[in-house]
Amino acid sequence: MLLATLMLLGMLPILAISASAATGSGTSINDPFIANNYYQLYSVLSNNGLNRKAQYVKIGADFITQNMNGYSGLVRDDTITINAQKHLDLNGKKVELISQIKFLCPLNIEGDNAQLTIDDSVGGGELSYKNAKICLLGDANMDGNISVLDVTEVQNGIAGALELSEYQNKLADVNNDGSVSVNDVTQIQNIIAGF
Ligand SMILES: [Ca+2]
Ligand SMILES: [Ca+2]
């Protein structure tokens, strides 16, 4: 069963939870991990992160991923691979993901059990991108889920009937071997079939 989905729930008015100054454990929605910058966000969301066991993360401050570590934006080493169920509350804050290199996917959702739910308990928050976006591996037509439409999209791309963008090629290369081929089509079909 494929659970890899991307949900943008928009504004959800929820009773304000009393603010806790300390960084939470992230094990429940009432005790979210507070991320004040990109690296704290990385630590929770990434399967390589120090706080990867945390499921609930709440943005604690506005931040822009620019001029980090001497770069003008995110680089490949900053990419986050999400392979578990995660909940991100924008908490009325503004987060702008700027990449130094074009077509970077800072937030990659991969795997059968991966899910990123984004909402905003306060309202007025915003997640925006420059040279970057959230990517769901296998979602070649970029409609937010993996379906037979993606199989068709990739097959048409291989046949030359349509040209896939760089983002689409990245999302279609499910086996991550650097090219889009019939092997990727098979893998997308397996994802849909729940193998
Ligand atoms: Ca799709
Ligand atoms: Ca491939």
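These questions and answers cover a predicted model, from its overall make-up to single residues.

Me: What does the secondary structure of the protein come to?
Reply: The model is predicted. The protein has 195 residues, of which 36% count as buried. Its secondary structure comes to 4 helices and 11 strands.

Me: Over which residues is the pLDDT below 50, and over which does it stay under 50?
Reply: The protein averages a pLDDT of 87, and 89% of the residues score at least 70. Two stretches fall under 50. One has 18 contacts beyond near neighbours in sequence: residues 1-5. The other has 14 contacts beyond four places in sequence: residues 7-21.

Me: What share of the contacts with a separation of 6 or more comes from residues 24 or more positions apart?
Reply: The count takes contacts in the protein with a separation of 6 or more. Residues 24 or more positions apart account for 75%.

Me: Which strands are the edge strands of the open sheet of 3 strands?
Reply: The strand order is β4-β7-β10, with parallel pairing. β4 and β7 (residues 94-98) pair over 2 bridges, and Phe63 stands opposite Val95 in β7. An edge strand pairs on one side only, which leaves β4 (63-64) and β10 (126-130).

Me: Which residue in β11 stands opposite Leu107?
Reply: Start with β8 (residues 104-109), where 6 of 6 residues are buried. β5 (residues 80-82) runs parallel to β8 over 3 bridges, and Ile80 has Leu107 as its bridge partner there. β8 is also joined to β11 (residues 132-136), in parallel, by 4 bridges. Opposite Leu107 in β11 stands Ile134.

Me: Which residue in β9 is the bridge partner of His87?
Reply: β6 pairs with β3 in the parallel sense over 3 bridges, and the β6 partner of Tyr56 is His87. β6 is also joined to β9 (residues 115-120), again in parallel, by 5 bridges. In β9, the bridge partner of His87 is Thr117.

Me: How many of the 5 residues of β6 are buried?
Reply: β6 spans residues 85-89 and is among the elements that cover the buried residues of α1. β6 is itself largely enclosed by the rest of the structure, because the buried residues number 4 of the 5.

Me: Why is helix α1 largely enclosed by the rest of the structure, and what covers its buried residues?
Reply: Helix α1 spans residues 38-45, and 6 of its 8 residues are buried, so the rest of the structure largely encloses it. The buried ones are Gln40, Leu41, Tyr42, Ser43, Val44 and Leu45. Their cover includes β2 (33-35), β3 (56-59), β5, β6 and β8.

Me: Which residues have the most contacts inside the largest nonpolar core?
Reply: This core has 42 residues. It draws at least three residues from each of domain 1 (5-136) and domain 2 (145-195). Those with the most contacts inside it are Leu45, Val57, Leu107, Ile109 and Cys135.

Me: Which residues of α1 does Val57 contact?
Reply: Set aside neighbours within four places in sequence. Val57 then contacts Gly26, Pro32, Phe33 and Ala35, among others. Its partners also include Lys86 and Leu88. From the buried residues of α1, the list includes Leu41, Val44 and Leu45.

Me: Is Ala140 buried or exposed?
Reply: Ala140 lies in the loop between β11 and α2 (148-159). Beyond four places in sequence, Ala140 touches Asp150, Glu153, Val154, Leu164, Gln168, Leu171 and Ala172. Because 31 C-beta neighbours lie inside 10 Å, Ala140 counts as buried.

Me: How far apart in space are Ala140 and Val154, C-alpha to C-alpha?
Reply: In sequence the two are 14 residues apart. Ala140 touches Val154. The C-alpha to C-alpha separation in space is 6.7 Å.

Me: What is the phi of Phe103, and what is the phi of Met142?
Reply: Phe103 sits in the loop between β7 and β8 and is partly exposed, with 15 other C-beta atoms within 10 Å. Met142 is in the loop between β11 and α2 and is partly exposed, with 15 other C-beta atoms within 10 Å. Each phi is a positive value in a residue other than glycine. For Phe103 phi is near 60 degrees, and for Met142 near 55 degrees.

Note on methods: Residues numbered from 1 in each chain as written. Chains lettered and ligands numbered in written order. Predicted model: local features only at pLDDT ≥ 70, side-chain atom pairs only at ≥ 80, totals over all residues. Pairing = 2+ DSSP bridges. Buried ≥ 20, exposed ≤ 12 C-beta atoms within 10 Å, placed from the backbone. Contact = placed C-beta atoms within 7 Å. pLDDT = per-residue confidence, 0-100. Core = buried A, V, L, I, M, F, W, Y, C linked by C-beta atoms within 7 Å. Domains from an automatic or database assignment.
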